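Here are some short exercises to work through at your own pace. Have a look at the structure first, then try each task before reading its solution.

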Amino acid sequence: MPRGLIGRLLGRIMAWHNGLDSEWTVRLLHIGNDEQILEVGFGPGAAIESLVKLHPSVQIAGIDHSEAMLDAASSRNRDAIVAGNVILQLGSVENLPFVNSTFDKAFSIHCIYFWEKPVQGLRELYRVLKPGGRLAITVRDKNREAYQAFRPEKLEQMLHRAGFTTVEIAANGVSAHPLICAVGTK
Ligand SMILES: C[S@@+](CC[C@H](N)C(=O)[O-])C[C@H]1O[C@@H](n2cnc3c(N)ncnc32)[C@H](O)[C@@H]1O
């Protein structure tokens with residue numbers, strides 16, 4: 001990991017990109033007032049922070065399997081947690097600690113690459129969404145090997161296998177930082 005001035009500069013560029021990725025993803029979900037929202041793999045919690053600013057009336061739950069990320073995201077979102085608008089927990093996408101049909105919307109950004117069984121994770125997300133609920137999965141739009149399993153047509157197939165009836169694919173169109181997002185509806 002680069003240190004010093006270059007490290008700080010790269011950190012700022014990464015944080016700026018992550019902010020854009022989360023805002024773009026969240027907008028694709030068309031979040032309404034008072035909805036219940038879930039994020040899986042919140043990392044340092046930047047998406048939750050921007051979601052609270054954009055939609056102050058929603059209730060947000062977050063799951064991440066890293067204790068370090070839970071600490072970082074909890075400290076970044078302390079006020080919203082204290083106010084009762086955000087609940088963050090340790091957990092894994094393979095076994096979500098929620099009853100069926102809990103959430104109106106769910107999303108996960110730059111996370112599905114790490115899931116041991118992506119379709120099983122998507123099935124879990126399907127289970128906890130309400131009928132008509134929407135899930136957004138955002139990934140890098142690159143033809144590199146690491147992303148081959150998550151090209152648009154493959155994401156679409158996986159979401160259908162998990163039970164989603166319709167799947168729409170969106171691209172952010174930013175050549176310096178290309179992303180795709182698959183939005184499935186239950
Ligand atoms: C590359 S980071 C992305 C963080 C954030 N979404 C962002 O875009 O900045 C991936 C995150 O997913 C979490 N993660 C990976 N696999 C997971 C799983 N199976 N269940 C829950 N969280 C997971 C990691 O701990 C990490 O915080």
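**Exercise 1.** Describe the order of helices and strands along the chain.

Solution. Starting at the N terminus, the elements follow the order α-β-α-β-α-α-β-β-α-β-α-β-β. That gives six helices and seven strands, where helices (H or I, at least four residues) and strands (E, at least two) are DSSP runs.

Before going on, note that this is a predicted model, in which local features need pLDDT of at least 70, side-chain atom pairs count only at pLDDT 80 or more, and totals for chains, interfaces and linings use all residues. Residues are numbered from 1 along each chain as its sequence is written, and side-chain values use heavy atoms, without hydrogens and water.

**Exercise 2.** Find the residues that come nearest to the ligand.

Solution. Begin with the 18 residues around the ligand, meaning those with a heavy atom within 4 Å of it. Among these 18, Gly41, Asp64, Val93, Ile109 and Cys111 come nearest.

**Exercise 3.** Work out which backbone atoms lie close to ligand nitrogen atoms, using polar contacts (pairs of N or O atoms within 3.5 Å).

Solution. Take Gly41: one of its backbone N or O atoms is 2.8 Å from a ligand nitrogen. For Ile109, a backbone N or O atom is 2.9 Å from a nitrogen atom of the ligand. Finally, a polar backbone atom of Val93 lies 3.1 Å from a ligand nitrogen.

Conventions
A polar contact is a pair of N or O atoms within 3.5 Å; within protein, one must be able to donate a hydrogen and the other to accept it, and residues adjacent in sequence count only if both atoms are side-chain atoms.
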